[in-house]
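Morning, everyone. Let me walk you through one model today. Please have a look at it first.

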Amino acid sequence: MNTDTKSDDFPSRARGAVLAAVQGLTLAVAVLPCGVAFLVLTLVSVALIPVGVGLVTTPAILTGVRALADARRRLAAEWCGVRIPVVYRPLPSSANPWTRTFALLRDPQVRRDVLWLPVDMTAGFVTALLPALLLFYPFEGFAVAAGLWRVTDGPYWYLFVPVDGPLTALAAAVLAAGLLVLAFRHTPRLMRVHFRLTRAVLGGDAELAERVRVLTETRQDAVDTSAAELRRIERDLHDGAQARLVAMGMDLGTIEMLVEHDPAQAKRLLAQARRNSAEALEELRDLVRGIHPPVLAERGLGDAVRALALRLPLPTEVTVELPGRADAPVESAGYFAVSEVLTNAVKHSGADRVWADVHHTDGRLRITVTDNGRGGAVIGAGSGLAGIERRLATFDGVLAVSSPAGGPTLVTMEIPCALS
Amino acid sequence: MRVVLAEDLFLLRDGLVRMLEAFGFEIAAAVESGPELSRALAESEPDVAVVDVRLPPTHTDEGLQCALAARRVRPGLPVLVLSQHVEQLYARELLADGDGGIGYLLKDRVFDAEQFIDAVRRVAAGGTAMDPQVIQQLLSRRSGDDRPLAGLTPRELEVLELMAQGRSNAGIAAQLVVTERAIAKHTSNIFTKLGLEVSDDDNRRVLAVLAYLDRDR
């Protein structure tokens with residue numbers, strides 16, 4: 001961040017001081033009129049909303065304010081390395097002027113932008129001008145000491161020194177020199193003060209807002225996914241095991257009637273009933289595997305992935321380094337993500353070998369799946385990878401895919417979690 | 001023949017006890033949790049243990065772990081593991097010591113009393129009883145690349161499947177309703193085609209087949 005003070009030699013320090021002063025002066029001169037203009041326009045426009053005119057003008061003016069604030073954010077980063085976090089709420093795309101205007105006015109970031117205008121044209125103006133003053137004022141001091149005081153009647157006040165003779169002229173020169181040293185040392189820092197002030201007003205709790213936005217989104221996804229999952233389970237039970245048990249009951253009823261006078265037919269139906277019960281069990285087992293795989297419940301993620309690899313038609317090498325077990329929901333998310341990635345690798349990659357690596361470091365569960373296939377996998381609409389990404393996002397997990405055409409494909413998944 | 005039985009669901013435990021008694025087994029102990037199973041295995045020296053994978057108190061793979069621990073203390077202790085689902089992973093762990101006397105079956109197999117009792121007897125005698133589902137998983141994975149099993153005729157594949165489950169030639173012959181001599185011919189053909197050593201010992205035969213199907217893992 002602080003590049004100016006790192007190089008301690010005099011020329012670069014002087015260059016830094018002059019640069020800061022010029023930057024400050026530019027800001028102060030350019031900003032004051034813009035700030036005043038936008039503040040007035042905003043106030044007038046908002047005041048005109050009840051009349052209707054404001055509905056049309058406000059969005060445009062607020063966009064201008066935003067551009068101004070954005071410019072300052074950019075300069076803050078470029079000149080002083082001060083990053084100002086920013087989160088504007090997305091605007092409803094096809095909104096009428098009314099909702100548009102009020103959505104804008106409700107956005108805390110827009111409100112902070114507007115609030116920043118008066119702060120910037122007062123405190124911001126002063127802090128921007130200060131470096132320039134500090135740097136250029138000493139030159140007046142030198143000029144005074146050099147004889148400028150003679151042209152005025154009475155004492156020439158240089159700061160608090162009344163210059164009216166050689167002695168006081170010398171004092172003014174000394175003071176000016178002191179100021180100049182100060183300027184050389186501190187002008188870049190003063191510029192940073194200006195941008196910190198900007199950040200204090202503009203930045204707000206943007207990170208928190210962003211976090212809330214992400215959480216809202218992922219929660220929605222989680223709710224949608226689990227609702228879909230419940231529907232699937234209900235349908236599977238209804239069409240599968242439940243139907244088979246009903247058929248079995250009917251067979252048993254028929255058998256009850258047949259058993260006396262047609263034992264052969266009864267026996268045939270008994271066999272069918274037994275088959276139905278076996279198939280119902282089979283379906284329930286598959287269903288359970290789809291909800292929470294038994295090996296996962298019994299052994300945890302490591303062995304569950306090993307067991308998964310054993311079922312793949314491709315030779316799959318699994319390495320696991322897990323000193324404990326993660327929370328059940330995290331394990332489950334990780335498992336189904338790996339399962340999907342491995343299935344993709346088998347189906348689409350054309351690979352003849354797959355490697356899966358599961359380990360836990362620095363509070364993160366990291367799973368990588370590599371294949372030596374043809375590559376070209378992308379996260380996008382319709383690809384299973386987007387689904388995995390959403391699934392992991394619920395746990396603040398991330399998915400990264402490296403899959404150049406020609407291969408190999410490397411899929412990395414990370415979920416922050418603690419092991420027990 | 002003395003049996004130690006571990007199953008946490010009362011209905012199933014009760015049913016198994018009655019079934020085993022009906023076929024002439026003596027129930028040395030019927031328990032419902034891991035610690036009880038460990039104690040029963042140590043104290044009553046059974047001829048065979050029938051064990052559910054998932055047992056209290058952990059409801060994870062406590063039964064499997066108890067059985068494996070007991071086999072480490074008493075190598076070759078016949079253990080038949082029952083499970084709601086079958087995993088190659090567990091099958092491999094059970095077979096790892098190569099001692100035989102191991103069975104791993106889906107719980108549903110008890111529906112067919114005769115086959116189930118046959119499996120218990122086979123395991124008690126030091127043989128192997130692998131669930132057809134485990135074997136099918138292995139075979140289907142293998143048939144993906146056509147190299148190793150392509151040379152086998154459909155009949156030979158059937159024989160291989162039953163052999164991998166742990167059946168003797170006589171057992172396979174009975175199942176496929178052919179003579180034992182025909183099976184002997186098939187098995188020697190299979191061994192030749194797969195490059196396995198011929199062996200009379202049923203258990204070694206199974207291990208050889210499984211090792212072959214499972215290799216480059």
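I'll start with one residue, A:Thr368. You will find A:Thr368 in strand 5 of chain A, the stretch from residue 364 to residue 371. Keep in mind that this is a predicted model.

Is A:Thr368 buried or exposed? Its relative accessible area is 15%, and buried means under 20%, so A:Thr368 counts as buried. Which residues does A:Thr368 touch, leaving out those up to four places away in sequence? One group is A:Trp355, A:Ala356 and A:Asp357. The other is A:Leu410, A:Val411 and A:Thr412.

Now chain A as a whole. Its secondary structure comes to twelve helices and seven strands. The chain has 420 residues, and 39% of them count as buried. Next, the contacts in chain A between residues at least 6 apart in sequence. Of these, 67% join residues at least 24 apart.

On to the annotation. UniProt, in an unreviewed entry, places "transmembrane region" at residues 16-41, 47-69, 114-137 and 157-184 of chain A. I'll take two of those spans. Residues 16-41 of chain A are 100% helix and 0% strand. The end C-alpha atoms of that span lie 36 Å apart. Residues 47-69 of chain A come out at 78% helix, again with 0% strand. Here the end C-alpha atoms are 22 Å apart.

Cysteines next. How many disulfides does a search of the whole structure find? Zero, over all chains. Two cysteines in chain A are worth a look. A:Cys80 is buried, with a relative accessible area of 5%. A:Cys417 is buried as well, at 13%.

Last, a contact between chains. Two packed helices are described by the angle between their axes and the distance between the axes. Take helix 10 of chain A, residues 301-311, and helix 4 of chain B, residues 88-95. Their axes come within 8 Å and cross at roughly 95 degrees. That makes helix 10 of chain A roughly perpendicular to helix 4 of chain B.

Who makes the contact? From helix 10 of chain A, it is A:Asp303, A:Arg306, A:Ala307 and A:Leu310. From helix 4 of chain B, it is B:Gln88, B:Leu89 and B:Arg92. These residues divide into three nonpolar, one polar and three charged.

Stay with helix 4 of chain B. Six of its eight residues are buried, so this helix is largely enclosed by the rest of the structure. The buried ones are B:Gln88, B:Leu89, B:Tyr90, B:Ala91, B:Leu94 and B:Leu95.

Thanks. Over to you.

Terms used
Residues numbered from 1 in each chain as written. Chains lettered and ligands numbered in written order. Predicted model: local features only at pLDDT ≥ 70, side-chain atom pairs only at ≥ 80, totals over all residues. Heavy atoms only, no water. Axes fitted to C-alpha atoms, helices over the stretch in contact; angles between N-to-C directions. Helix = DSSP H or I, 4+ residues; strand = E, 2+ residues; numbered from the N terminus. Parallel < 35°, antiparallel > 145°, perpendicular 65-115°, else oblique. Contact = heavy atoms within 4.5 Å. Nonpolar A, V, L, I, M, F, W, Y, C, P; charged D, E, K, R; others polar. UniProt positions renumbered as here; feature names shortened; annotations may be inferred. Disulfide = S-S within 2.5 Å. Buried < 20%, exposed > 50% of the residue type's maximum accessible area, 1.4 Å probe, protein only.
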